Amino acid sequence: MKYISTRGNIKPTNFQDVVLMGLADDGGLIIPESIPDVNDKIDSWANLSYPELAFEVMKPFISDIDDVDLKHIIEKSYSAFPKNPAPLKKVSEVYVLELFHGPTLAFKDFALQFLGNLFEYILEKRDSHLNILGATSGDTGSAAIYGVRGKERINIFIMHPHNRVSPIQERQMTTVLDDNVYNLALDGTFDDCQNIMKELFNDLEFKREYNLGAVNSVNWARVLAQIVYYFHASFQLEKTTGSREAIFSVPTGNFGDILAGYYASKMGLPIKNLLLATNENDILSRFFNTGIYNTSTIRHTLSPSMDIQVASNFERYLYYLVGEDAEKLRSLMNEFKDTGSLSIEDLDEKLFIASACNKEQCLKTISTHWQENSYLLDPHSAIGVYVAEKFNNGSIPTISLSTAHPAKFSAVVEKATGDSSLATHPDIDQLPNLDTKMVTLNAEENLVKEFMLEKLTF
Ligand SMILES: *Cc1c(COP(=O)(O)O)cnc(C)c1O
């Protein structure tokens, strides 16, 4: 399998190279040259373990890693999870796929554990090194840190706005004491962190000389790892209901998680619909209902990991929507860049159905599910369940993806239920007792650069 860009201006590239590339060099997103059809294989996958299934799903996309090595990378990545990493539970009339049993209790672990091990493998083969630089407002930072902690050829520098991420999120990052992990608490906002990151990546000499890399949500390997659990969910459903066909509801921010469902569907998994659930930052929900994709100002909600202004993975879907026509896609993206808006005439979309969920609806969903089903949802997962129930008509089962453990957002759970003792997890409860490591700096590019130069060991 070779990879190309949605904007059409890179030459066909191997998997290992696109993993290191992240964003395509022509500014587009990386996509596989074709999407493998697995219809003739699905039946034989029904009883595989999660790592075995992951191997089968990923293999057609990866031609430049031996089977033995790929199996090893996958096994290592999911060894940090329980034996069933993504259990399916019937909660009300809808099912919930629990994706929060990884090391940082959020679904991003599925992709970032895999990406960390892939980096390690590729760097070893090439006798090379990587310095990862990232900015986080919360969740991605800890999952990225856990993905690469202790890895020899990798350093990771994660900036967060000092005292502006939740205490739990801060502790999840700063209690990782490995030598290759650097937490930088900047006196400023998340935007300041992001701007510094952009400036440093634009410093091409610095970037090249020190092998600066990112772990952002557009990395193809992250999307690929997420395709697996759609198959895994369908097989679990089949064991209880006798049928594999499902509707999936996905709490959506950057469109990475739900895009994986789109690929699963194109590969041949029987997905009736993908329900796209957003919070008040509803650019995607508005698009699927009107055909117009336009930015508005960011709102801070109870589900911060879905507070986005533009959805970084959306361009991949648009590429398929315009018939894999890179030129057409380029002109749409230019229109969007110039005007903050793009539109698709007569949008005819049968797979995706989208809806937003506001703060009150989110809180109500958490409290109702606790009272009626003794099931605790975190605010992100509650948005998925809200939309799942809104469209559920009982004919085809709906599986809602649960993206974070409620203990990560215990303050919201308390607000919804009135009880502060419900949302707990031993890993979260012990965070206040652990040692921490971080540095605080003024939010200035040159200070961050100096700090990195001082710490770089390769
Ligand atoms: C990142 C995240 C999301 C959104 O996923 P996307 O792939 O960005 O759409 C939802 N819930 C949680 C808890 C997250 O961390």
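This is a guided tour of a predicted model, going from the whole protein to its ligand and then to some single residues.

**Stop 1: the whole protein**

Start with everything shown as a cartoon. You will find 18 helices and 15 strands in the protein. Its radius of gyration is 21 Å, close to the 23 Å that the globule rule gives for 458 residues, so the protein is as compact as a globular protein of that length. Turn the model around: along its principal axes, the C-alpha trace spans about 60 × 55 × 50 Å.

Now switch on the surface. The accessible surface of the protein comes to about 18600 Å², and 45% of this belongs to carbon and sulfur atoms. Beneath that surface, 56% of the 458 residues count as buried. As for how the chain meets itself, take the contacts with a separation of 6 or more: residues 24 or more positions apart account for 75% of them.

**Stop 2: the ligand**

Next, select the ligand and show the residues around it. How many residues surround the ligand? There are 15, and the closest are K108, G253, N254, D257 and T403. Colour this shell by class and you will see five nonpolar, seven polar and three charged residues.

Zoom in on three of these neighbours in turn:

- K108: an N or O atom in its side chain is 2.5 Å from an oxygen atom of the ligand.
- N254: here a backbone N or O atom lies 2.8 Å from an oxygen atom of the ligand.
- T403: an N or O atom of its side chain is 2.8 Å from a nitrogen atom of the ligand.

With the protein surface back on, look at how much of the ligand is hidden. On its own the ligand has 380 Å² of accessible area, and the protein covers 96% of it.

**Stop 3: H380, a neighbour of T403**

Keep T403 on screen and add H380, which lies in helix 15 (residues 379–391). Is H380 buried or exposed? H380 has a relative accessible area of 2%, so it is buried. Leaving aside neighbours within four places in sequence, H380 is in contact with P251, S303, P304, S305, M306, T403 and F409. T403, which you have just seen beside the ligand, is therefore one of the residues that H380 touches.

**Stop 4: from K108 to G141**

Go back to K108 and select G141 as well. The two residues are 33 apart along the chain, and their C-alpha atoms are separated by 9.9 Å. G141 is found in helix 5 (residues 139–148). With a relative accessible area of 2%, G141 is buried. Setting aside neighbours within four places in sequence, its contacts are T136, I158 and M173.

**Stop 5: helix 6**

M173 leads to the next element, as it is one of the buried residues of helix 6. Select residues 167–174 to show this helix: six of its eight residues are buried, so helix 6 is largely enclosed by the rest of the structure. The buried ones are I168, Q169, E170, Q172, M173 and T174.

What do the buried residues of helix 6 pack against? Show helix 5, strand 6 (154–161), strand 7 (181–187), helix 16 (410–417) and helix 17 (426–429), and you have the elements they pack against.

**Stop 6: R7 and E315**

Move to R7, in the loop between strand 1 (3–5) and helix 1 (15–21). At 18% relative accessibility, R7 counts as buried, since the cut-off is under 20%. Show its side chain together with that of E315: the two make a polar contact at 2.8 Å. Beyond residues up to four places away in sequence, R7 touches D26, G27, G28, E315, A326, L329, R330 and M333.

**Stop 7: two loops with a positive phi**

Finish with two residues in loops. D127 sits between helix 4 (108–126) and strand 5 (130–135). Its phi is positive, about 50 degrees, although D127 is not a glycine. D127 is exposed, with a relative accessible area of 56%.

The other residue, N211, is in the loop between helix 8 (204–209) and strand 8 (212–213). N211 also has a positive phi, near 45 degrees, and is a residue other than glycine. At 33% relative accessibility, N211 counts as partly exposed.

Definitions and conventions
Residues are numbered from 1 along each chain as its sequence is written. This is a predicted model: local features need pLDDT of at least 70, side-chain atom pairs count only at pLDDT 80 or more; totals for chains, interfaces and linings use all residues. Side-chain values use heavy atoms; hydrogens and water are left out. A residue is near a molecule or strand if one of its heavy atoms lies within 4 Å of it. A polar contact is a pair of N or O atoms within 3.5 Å; within protein, one must be able to donate a hydrogen and the other to accept it, and residues adjacent in sequence count only if both atoms are side-chain atoms. Accessible areas come from the Shrake-Rupley method with a 1.4 Å probe; for residues, only the protein chains shown count as cover. Ala, Val, Leu, Ile, Met, Phe, Trp, Tyr, Cys and Pro count as nonpolar, Asp, Glu, Lys and Arg as charged, and the others, Gly among them, as polar. Helices (H or I, at least four residues) and strands (E, at least two) are DSSP runs, numbered from the N terminus. The radius of gyration is taken over C-alpha atoms; the globule rule is 2.2 Å times the number of residues to the power 0.38. Buried means under 20% relative accessible area, exposed over 50%, partly exposed in between (1.4 Å probe, protein chains only). Contact means heavy atoms within 4.5 Å.
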